[in-house]
Amino acid sequence: MTPAPFPRAILLFLIEGLLTLGLAAPAQAQSCTFSASNIVLGPVDVLGSSPTTATGNIAVNCSTFLGLLTSITVTIELGDGSAGLFGSLRRLGGPSGSSLAYDLYQNPTHTTIFGGRQGTHGGQPVVLTGSSVLSLLTTTGMNVPVYARVPGAQNAAVPGAYSATFSRQPLDVRATTRACSVLGCDTRVTGFTFGVQAQVRPNCRVVADDLDFGQHGLLDRPVDATSQVRVTCTAGTSYSLGLGHGLQAAGIGGRQMRDLAGHRVGYQLYRDAARTQPWGLIADGLATTDAGTGVSRAVTVHGRVPPQPTPPPGAYSDTVVVTVTY
């Protein structure tokens, strides 16, 4: 007797259903999303030697059928950023084409550059894999820290806002998820967006040498001496340099050095070698003005002890406050 075709129809239907399930399982096994916080650096002291650091975060979340998923590997790669490179480091773009070098790292000691195959900067991608990662990604998600660092002593940077964005896929960012189940593996590539920002503020530093008139007998003739004040201000920053009246004087014309017994020697400070332009404060209208270049500028202070009655021998001194206003 010839078998009826009905069982065969049922068999074909069951096989077709299993094949459909096998093709769909890898696609349903994972769905990962990535989001990143902006990294804000600043204020950045470009005159100092110490670096400026900040930390950002990349959040990774995956939804999956845990019963089918056997492994998952997430690879996060970062490229150059929109502002490109500045030497061997990444670049933040600033006012009037000014640049600020920085970089992104995987560790808080800033030794492993966060990079990958994207762009030309190089560095290492972050790779998340293993059983513990599988559990975290498919339950609570994971946070990947990003450590940013701006080296110090970037004196040429002008004050203002600096920035770079990571948004161009795959030039700036690339996130690859490879998930495997008992039925096969599935690879997906996506991206995310974040920005790196820094603020350089106007700043000045000043160092003053002592002014030493030396040892003298009778003060029956002028005694002259010079010293230097070295000023460093951020590029393009206008500033005024003023010299105070000292500890004994109430005004610009009464500067005096004093010994321990209270005896005094009058003196004056000048802006010019001819000693015709007294040097005082902004309020006196006797400060000097200039603009910073990012490098140290030496300014000469011209001192004079005019002829006067000679006090008893001793060590005479005064303290003058140097004020830079910017």
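Buried means under 20% relative accessible area, exposed over 50%, and partly exposed in between (1.4 Å probe, protein chains only). The model is predicted: local features need pLDDT of at least 70, side-chain atom pairs count only at pLDDT 80 or more, and totals for chains, interfaces and linings use all residues. Residues are numbered from 1 along each chain as its sequence is written, and side-chain values use heavy atoms, with hydrogens and water left out.

**View A. Salt bridge between aspartate 220 and arginine 221**. The closest approach is 3.7 Å, N to O; a salt bridge is a side-chain nitrogen of Lys or Arg within 4 Å of a carboxyl oxygen of Asp or Glu. Aspartate 220 is partly exposed at 49% relative accessibility, and arginine 221 is exposed at 57%. Elsewhere, Glu77, Arg117 and Arg174 are joined into one network by salt bridges that share partners.

**View B. Salt bridge between aspartate 45 and arginine 205**. The closest N and O atoms are 2.4 Å apart. Aspartate 45 lies in the loop between β2 (39-44) and β3 (52-63) and arginine 205 in strand β14 (residues 204-208), so the pair ties together parts 160 residues apart in sequence. Strands (E, at least two residues) are DSSP runs, numbered from the N terminus. Both residues are partly exposed, aspartate 45 at 27% and arginine 205 at 39%.

**View C. Arginine 91 in strand β6 (residues 89-93)**. Arginine 91 is buried and has no salt bridge; aspartate 80, the nearest side chain of opposite charge (Lys and Arg positive, Asp and Glu negative; His and chain ends not counted), is 11 Å away.

Terms used
Helix = DSSP H or I, 4+ residues; strand = E, 2+ residues; numbered from the N terminus.
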